[in-house]
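Good morning, and thank you for joining this short presentation. I would ask you to look first at the sequence and the model.

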Amino acid sequence: MNDHETDPLEEVDPSDVFTKLGFPKALIVSSESGKDERQSEIIKVPISSETEAKQSQEKIEWLRANHLLSHEYLKDECARAEQSTKSGVVAGFIPRRAVSFLIGDSGIGKSPLAYQLGLCVAAGVPFLGMETQAGLVIMCDYENGMEESLNLSDQLARFLKLPEVPKNFVVWSPDYSHTDSVNIERICETAAQKPTFVIVDSLRSHDPHFEKHEYAGEKMNKLNKLAYMYGTAILVIHHTRKPDRDNPVSDLDDDKTRVIRWLREAAGSGSLINQSHTRIAIDSLDGRSNIDAALVVRWYRKSKGEAGPLYLERVCDDSGEPFGYRPLTEIKLLGNTDQETALRNLPPQFTFKEAKNALKRSDDPTSKFLKKCISLSLVRQNGRGRYERTDHATEAESEVAQIDRVGRGIEKGETQEKLQE
């Protein structure tokens, strides 16, 4: 090395040096301004870990007192909300700690469906194929008398093959209560076992002021806070407004119908829909289809978008009386020739890209097609971008394939006996 040469100096971040000496890095204030030419200004006052812990605790208490969320707490809350939606009281359908609405016309069978839903949650058995979280269920029934409530409970328990009506399925009835309306807050506050699920049938009977524009926003805020505070799922059953003959609402089972627009037919203020988490639309088919379904159900979840349709068959007992609901799972329920062909052409396990190629459409129609298949139990999702056809779809495809093979065999002059061999 020449005498005039010097070793290059290693660049050192001064904040690292002072951190090692016990000075917190957070107190190093960097400056890139023209007024202060120094690269950094260091407060050379050591702070003990006890002082830091105290400051941290004071900050946490300040955030809580003002109902503020740091980024980490916000992340935790969102993770809990996401988990609540995925698992939920009814997985992918009714989330915990939130208010949901079920909207439909009068007299189409909302109450029996609500009783079946409540009994499934109380017993922890699947509801229409969807997993449930067992817990205390409060059925606030303004619509049916005590005798009808008893009959519905017994009838649906038999339909669900339960040994008895679950002990944690309890009913509030105005016939039994000395008050005109149930006090949900008092029930949640005083219960030794916090309610998992509260069903209110129906909103108008529970509180006639709730629908009015001047009250709806405030009352929805209160109901949402109750659900969140006590970790309870609240489902409110509500009616549609009187139909407009000049501008009739589009059919719920029409692929072109957007659920969120159909839900605008709900009676009362738009705040009821806008401030609820899951909005469930239910309608009867009224003989307008060759599908043997009593009801069609579609729903919209915040941040998740639309789901469904789900076609429900009303099962009758041996005497012909309505018994319970079960989902129909047939490939023809897709109601679209291109979609039926696409599903039949897909292998037992496939990717989103393969579905897109089979449907010959862009990303968004393909995504809606797959969601529709999932809601009809024709497809299940195994992972990100990975799907699997269910036995129902495979069986339907096999029957069609067999018919096609027989048809081709007859054209070639083959005998039925040879085909069967």
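I shall speak about the nonpolar cores and then about some of the salt bridges.

A word on the source: this is a predicted model, in which local features need pLDDT of at least 70 and side-chain atom pairs count only at pLDDT 80 or more, while totals for chains, interfaces and linings use all residues. Residues are numbered from 1 along each chain as its sequence is written, and side-chain values use heavy atoms, with hydrogens and water left out.

Let me begin with the cores. A nonpolar core here is a set of buried Ala, Val, Leu, Ile, Met, Phe, Trp, Tyr and Cys residues joined through side-chain atoms within 4.5 Å. Buried stands for under 20% relative accessible area, exposed for over 50%, and partly exposed for what lies in between, using a 1.4 Å probe and protein chains only. The largest such core comprises 53 residues, and Ile-184, Tyr-311 and Leu-343 have the most contacts inside it. Helix 8, residues 213-230, contributes the most to this core, with 6 residues. Helices are DSSP runs of H or I with at least four residues, numbered from the N terminus.

Which residues does Ile-184 touch? Leaving aside residues up to four places away in sequence, its partners are Val-198, Val-200, His-206, Leu-223, Leu-226 and Ile-234; contact means heavy atoms within 4.5 Å. Apart from this core lies another, of 42 residues, including Ile-108, Leu-128, Leu-162 and Tyr-325.

I turn now to charge. Side chains of opposite charge can pair when their charged atoms come close. The criterion for a salt bridge is a side-chain nitrogen of Lys or Arg within 4 Å of a carboxyl oxygen of Asp or Glu. How many salt bridges does the structure hold? The total is 11, and I shall present three examples.

In the first example, Glu-164 pairs with Lys-167, their closest N and O atoms lying 2.9 Å apart. Glu-164 is partly exposed at 43% relative accessibility, and Lys-167 is exposed at 65%.

The next example joins Glu-340 to Arg-344, with 3.8 Å between the closest N and O atoms. These two residues are 4 apart in helix 11, residues 337-345, and so are separated by about one helical turn. Glu-340 is buried, at 16%, whereas Arg-344 is partly exposed, at 22%.

In the last example, Lys-368 and Asp-364 meet at 3.3 Å, N to O. Both lie in helix 13, residues 363-375, 4 residues or about one turn apart. Lys-368 is exposed, at 53%, and Asp-364 is partly exposed, at 45%.
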